[in-house]
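Student: I should like to take a close look at a single part of this structure, namely its salt bridges. Please explain them in one connected answer.

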Amino acid sequence: MNSEKQCLAIAKALEIVSKDQWGPLYRTEKGWVRDCPDYIADLTAMHEAEKVLTKDQSLEYNLALIKICTGYALPEFFGSATRASAEQRAKAFLRTLGKWEDDTTTTK
């Protein structure tokens with residue numbers, strides 16, 4: 001998924017998207033804005049997104065994040081996940097919610 005698709009998928013998962021006659025709006029801590037939060041580059045935005053995860057989802061998210069950061073889905077590597085980038089967190093978040101789409105093209 002490219003970064004734009006990832007940001008939109010996260011916004012939709014968080015149910016912060018609305019529309020008016022001029023197009024989409026996104027709810028942020030500053031109110032409704034036209035620009036989608038940049039979850040791929042903004043750790044603060046990803047921190048806010050992480051807050052919506054349930055306890056079970058949080059465990060799955062942490063394991064996904066560890067695997068993205070280290071290549072291993074083992075809890076003993078958790079320290080590596082604490083230094084994850086916003087981009088890595090966004091990918092793990094979308095995978096946890098089943099919203100991640102691999103960029104694969106198929107030819108028939």
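Tutor: What follows is an account of the salt bridges and of the residues that form them. This is a predicted model, in which local features need pLDDT of at least 70 and side-chain atom pairs count only at pLDDT 80 or more, while totals for chains, interfaces and linings use all residues. Residues are numbered from 1 along each chain as its sequence is written, and side-chain values use heavy atoms, with hydrogens and water left out.

The structure holds three salt bridges, a salt bridge being a side-chain nitrogen of Lys or Arg within 4 Å of a carboxyl oxygen of Asp or Glu. One of them joins Glu50 to Arg89, at 3.0 Å from N to O. Glu50 belongs to helix H2 and Arg89 to helix H5, so this pair ties together parts that are 39 residues apart in sequence. Helices here are DSSP runs of H or I with at least four residues, and strands are runs of E with at least two, numbered from the N terminus. Glu50 is buried, with a relative accessible area of 17%, and Arg89 also counts as buried, at 14%. Buried means under 20% relative accessible area, exposed over 50%, and partly exposed in between (1.4 Å probe, protein chains only).

Another salt bridge connects Asp20 with Arg34, whose closest N and O atoms are 2.6 Å apart. This pair links distant parts of the chain, 14 residues apart: Asp20 is in strand S1 (residues 17-20), and Arg34 is in the loop between strand S3 (31-33) and helix H2 (43-50). Asp20 is partly exposed at 26%, as is Arg34 at 39%.

Lys51 and Glu48 also meet in a salt bridge, at 3.0 Å from N to O. Lys51 is exposed, at 53%, whereas Glu48 is partly exposed, at 39%.
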